[in-house]
Amino acid sequence: MTAPGEHPPTSEPPRVPRRSTAAFASVLDQAASSLTNIAVLVIAARVSTAHGFATFSMVYLTFTVLLGLTMAYVGQAVVLTRGDTAVTGAACRSAVSFTALAATAVGALLAAAGVFAAAVTGGWTGPGGAFLALGLVLPLVLVQDGLRYAFSTLRRPGLALAADSLRLVCVVPALLLQPRHTAPGLLVAVWGLSAVPALLLGLRLLWPHVRGARTDLLPYVRRGHLGQRFVVEFAVGNASSQLAVLGLGLFAAPLAVGALRGATTLFGPLNVLFNSVNAFGPPLLGRLGGRRATARAAALLGLVLGVVGLAWGLVLHALPDALGHQLLGATWQSASALLPASGAQYAVMGLGTCALVTLRVLSPRATLSVQVVFSLLSVVLMFGGYLLSGSALGAAWGLAAGSALKAAAAWTRVVRLRAQERPTASSLPAVPTT
């Protein structure tokens, strides 16, 4: 212990980065992670056939859902940990350990399902081989991605940036080296194994902060664990649409999945902006004081994001076909037809994201009902659009309509909460005393 006013010994861990530095590192880390996802899908589309990329998209979509569920159940709960280094170290070590065990169990089920599918279809080049590969590499990719939340809990986003940057550096050349028309299962295996260097680096960087900490997995299996609520919100807000797209490929048209994923990939830079707003919006908006000031600032930000979404959609729509084929390969032809609908969806998603962040600041309990009702409605509209048009374009317009209705409902809630604000005592005219 050091007395007040004394400088700590040099042997102690480095001091926590300043908020501005930590925020900047967090944004860069989010950008690196998003760029990795974009690069994976773009390269996979270039080296695959249209049918191969559709299969790869289904498997990658499955991983995306599993990653979201894991981060909701484990990651979002661990980042709320408060306490000294012993408490946070134990929480991070327990979170990483639980993620590894859960991913191994789920991976075994996926691998078994892949073997069964391959036996039924009589080949390993289709979905069976791809899901088998996902099951085998799932513990590697889930733990590597989950380390980001451990570093966030420790307030060391720079360490997450280092590991995720290495992940990007490794996966891009690994996929680029694959020959054209590579089987989806091989692509999944290469993608997963390329996470090993980043995983080892992340664990090495984490070790000094968790060394000697106790691993406790019981909180994760107890009833009432905070992650259970976050899983519900993720399931209705994000996973429902992801699973609906996956269902569209399984029961209707697998090529529609490739088209939708290809179009969504091109809007990856906007996902970086939306994720940054979700991460840093609540604390910044919460400092503005009253509800009116918070709503005005959020509305202005939403308009900016909406304009950016429209502008990006117009840029993509104007791309020459030659450049589009270089980006997405054979998938460009089907994905380019969806760009107007996807551009409209991302424009209203910018508005909706800011509205939901505002609700989280003004009334945190108000977001769940909006997410439940309108996320499910988006799924219905997506399937309805596909059934009416018989194509992925109808499904894309259905998703855009669902996003627009969700944004309208969220802003309606914000307006009602803003109207409920009452003048504070300091804002009332002074009453003269007698």
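1. Let's begin with an open space in this predicted model. The second largest pocket has a volume of about 280 Å³. Its lining is made up of Ala77, Val78, Thr81, Ala90, Ala91, Ser94, Arg214, Asp216, Pro219, Tyr220 and His225. Try finding these residues in the structure above and see how they surround the pocket.

2. Which helices supply at least two residues each to that lining? They are helix H2 (50-78), helix H3 (85-121) and helix H8 (218-221). H3 gives the most, with three residues. Sorted by class, the lining of this pocket has six nonpolar, three polar and two charged residues.

3. Now for the closed spaces. There are two cavities of 30 Å³ or more, and the largest cavity has a volume of about 130 Å³. It is lined by 13 residues, of which Thr36, Asn37, Gln144, Asp145 and Arg167 are the closest to its centre. Four helices each supply at least two residues of this lining: helix H1 (19-47), H2, helix H4 (127-153) and helix H5 (157-176). The lining of the largest cavity is mixed in class, with five nonpolar, four polar and four charged residues.

4. The second largest cavity has a volume of about 80 Å³. It is also lined by 13 residues, and here the closest to the centre are Ala95, Val96, Thr99, Gly146 and Leu147. H2, H3 and H4 are the elements that give two or more residues to this lining. H4 has the largest share, five residues. How many residues of this lining are charged? There are no charged residues in the lining of the second largest cavity, which has 10 nonpolar and three polar ones.

5. Next, the aromatic rings. The structure holds eight aromatic pairs. In one of them, Phe56 and Tyr60, the ring centres are 5.8 Å apart and the planes meet at 15 degrees, so the pair is stacked; the cut-off for stacking is under 30 degrees. Phe56 and Tyr60 both belong to helix H2 and sit four residues apart, about one turn of the helix. Both Phe56 and Tyr60 are buried.

6. Tyr60 has a second partner, Phe63. Why does the pair of Tyr60 and Phe63 count as tilted? Their ring centres are 5.6 Å apart and their planes are at 50 degrees, so the pair is tilted. Tyr60 and Phe63 are three residues apart in helix H2, so about one helical turn separates them. Tyr60 counts as buried because its relative accessibility is 4%, and Phe63 is buried too, with a relative accessible area of 4%; the cut-off for buried is under 20%. If you highlight Phe56, Tyr60, Phe63 and Trp191 together, you will see a cluster linked by ring pairs.

7. Finally, here is a small check you can repeat yourself. Helix H12 covers residues 291-317, which is 27 residues, and at 1.5 Å a residue the helix should span 39 Å. Its end C-alpha atoms are 38 Å apart, so the expected span agrees with the model. Which residues of H12 are buried? They are Thr294, Ala295, Ala298, Gly302, Leu305, Gly306, Gly309, Gly313 and Leu316.

Conventions
Residues are numbered from 1 along each chain as its sequence is written. This is a predicted model: local features need pLDDT of at least 70, side-chain atom pairs count only at pLDDT 80 or more; totals for chains, interfaces and linings use all residues. Side-chain values use heavy atoms; hydrogens and water are left out. The expected span of a helix is 1.5 Å times one less than its number of residues. Buried means under 20% relative accessible area, exposed over 50%, partly exposed in between (1.4 Å probe, protein chains only). On a 1 Å grid over the protein atoms alone, a cavity is a set of points where a 1.4 Å probe fits but cannot get out, and a pocket is an open set with protein on both sides within 12 Å along at least five of seven lines; lining residues have an atom within 4 Å of a point. Grid points are joined across faces, edges and corners, and a volume is the space filled by probe spheres set on the points. Ala, Val, Leu, Ile, Met, Phe, Trp, Tyr, Cys and Pro count as nonpolar, Asp, Glu, Lys and Arg as charged, and the others, Gly among them, as polar. Rings of Phe, Tyr and Trp (its six-membered ring) pair if their centres lie within 6.5 Å; planes under 30 degrees apart count as stacked, over 60 as edge-to-face and the rest as tilted.
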